[in-house]
Amino acid sequence: MMVGITIGQTLWGGTWGVYPAAAAQPLQTMSDFAAHPAKESILLGLQKGYIWKYPDGRFYPDKQIVQSQLVASLVAIRGVKETAPVPELPVGHWAKGTYERAQKAGILADVKIDPNKLLTKEEAAQLVFNAWKPYRGVKMKGYTHTGALITWGWMDPAPAGQPKFREDLPVSRGDAAKILKFLYDDKLQIELGEKLWREFHYSLNIKNGILSGKIPSADKNYYINVQFFMKNNQIVGFENGQSFTVSLSNIKSAGFIVMDRRDSTKSISYNYPNLPNLNWEKTTQKFS
């Protein structure tokens with residue numbers, strides 16, 4: 001169960017006090033979102049504990065989300081435990097604990113703290129980019145937060161007939177659930193990718209001018225690949241589960257990637273630019 005879930009349930013539920021855990025309510029109670037376009041995203045969020053129902057057991061997917069609700073979900077997905085001061089909220093304020101975790105994680109950078117504020121696309125997108133900066137970097141230059149998040153594919157564009165990147169449109173709880181699913185999935189992909197890269201890196205061995213190692217195996221949803229860039233401009237590649245031996249006298253550099261086959265997202269990527277030196281550089285795909 002994610003950190004801060006009790007507070008988060010309070011914030012998402014819209015009751016400004018602590019009440020018994022919403023997760024204890026039957027998950028199959030989804031009378032107000034069973035036919036909603038965000039149904040699958042809502043279900044995942046409820047199951048994983050980063051979004052919550054109201055005390056009456058309803059989700060209200062078309063309600064406009066408030067700042068504290070989205071902040072609570074971002075804190076939960078990030079798994080933030082440490083805190084930093086938030087002097088804008090007095091001691092005893094119902095949202096103070098969540099906001100202190102968000103402050104520590106950088107989620108509140110350049111954000112005016114107002115737990116009850118109804119969020120527009122731009123305000124929600126800024127919180128998302130703040131939360132995801134450690135994973136994907138900063139937003140694309142020349143874009144608003146809204147435009148960058150829509151371009152990345154994690155926020156729906158404005159309805160047909162309107163400017164695509166309208167920053168002033170409201171964000172519903174259903175909209176937020178869809179965005180949060182992208183974040184949850186991306187975090188899992190990155191964490192798995194990092195694990196697989198470490199397995200690969202620690203398998204590397206150099207002996208008598210020969211580099212050997214093994215590509216880790218993963219389930220069918222993930223494609224793992226290492227490419228060796230040769231001095232004759234050829235490329236030699238190896239994939240999931242394969243072992244390899246290559247002569248270092250013929251190699252200039254190498255690259256390692258883990259890709260999610262379902263959406264072609266590069267979970268992680270690393271380069272080895274100066275073989276036979278095994279020093280690496282992280283080149284995981286960024287927003288920009």
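The largest pocket is lined by 18 residues, and Phe182, Asp185, Asp186, Gln189 and Asp263 lie nearest its centre. This is a predicted model, where local features need pLDDT of at least 70, side-chain atom pairs count only at pLDDT 80 or more, and totals for chains, interfaces and linings use all residues. Residues are numbered from 1 along each chain as its sequence is written, and side-chain values use heavy atoms, with hydrogens and water left out.

**Pockets**

- On a 1 Å grid over the protein atoms alone, a pocket is an open set of points with protein on both sides within 12 Å along at least five of seven lines, while a cavity is a set where a 1.4 Å probe fits but cannot get out; lining residues have an atom within 4 Å of a point.
- The largest pocket holds about 370 Å³ of space, a volume being the space filled by probe spheres set on the points, with grid points joined across faces, edges and corners.
- Its lining has six nonpolar, five polar and seven charged residues; here Ala, Val, Leu, Ile, Met, Phe, Trp, Tyr, Cys and Pro count as nonpolar, Asp, Glu, Lys and Arg as charged, and the others, Gly among them, as polar.
- Helix H7 gives the most to that lining, with eight residues; helices (H or I, at least four residues) are DSSP runs, numbered from the N terminus.
- The second largest pocket has about 240 Å³ of space, and 14 residues line it, with Lys121, Asp156, Pro157, Pro170 and Asp175 nearest its centre.
- H7 turns up here too, supplying the largest share of the lining with four residues.
- Sorted by class, this second lining has nine nonpolar, one polar and four charged residues.

**Core and cavity**

- The largest nonpolar core (buried Ala, Val, Leu, Ile, Met, Phe, Trp, Tyr and Cys residues joined through side-chain atoms within 4.5 Å) has 77 residues, and those with the most contacts inside it are Leu127, Phe200, Phe228 and Phe244.
- H7, which covers residues 173–203, gives the most to this core, with ten residues.
- Leaving aside neighbours within four places in sequence, Phe200 is in contact (heavy atoms within 4.5 Å) with Lys214, Ile215, Pro216, Val226, Phe244, Phe256 and Tyr272.
- A search of the whole structure turns up one cavity of 30 Å³ or more, and the largest cavity has a volume of about 40 Å³.
- Phe200 and Phe228 also help line the largest cavity, along with Leu204, Leu211, Val226, Ala254, Tyr272, Leu275 and Leu278.
- That lining divides into nine nonpolar, no polar and no charged residues.

**Buried helices**

- Seven of the eight residues of helix H6 (residues 145–152) are buried, so it is largely enclosed by the rest of the structure; buried means under 20% relative accessible area (1.4 Å probe, protein chains only).
- Those residues are His145, Thr146, Gly147, Ala148, Leu149, Ile150 and Trp152, and they pack against helix H5 (121–136) and H7.
- Gly153, just after H6, takes a positive phi of about 95°.
- In helix H2 (residues 39–48), Ser41, Ile42, Leu43, Leu44, Gly45 and Leu46 are buried, and they pack against H7.
- Gly49, just after H2, takes a positive phi of about 85°.

**Confidence**

- The protein chain has a mean pLDDT (the predictor's confidence in each residue, from 0 to 100) of 88, and 90% of its residues reach 70 or more.
- Residues 1–10 have pLDDT below 50, and this stretch has 31 contacts in the model beyond near neighbours in sequence.
- Over residues 12–27 pLDDT stays under 50 as well, with 46 contacts beyond four places in sequence.

Terms used: Buried < 20%, exposed > 50% of the residue type's maximum accessible area, 1.4 Å probe, protein only. Helix = DSSP H or I, 4+ residues; strand = E, 2+ residues; numbered from the N terminus.
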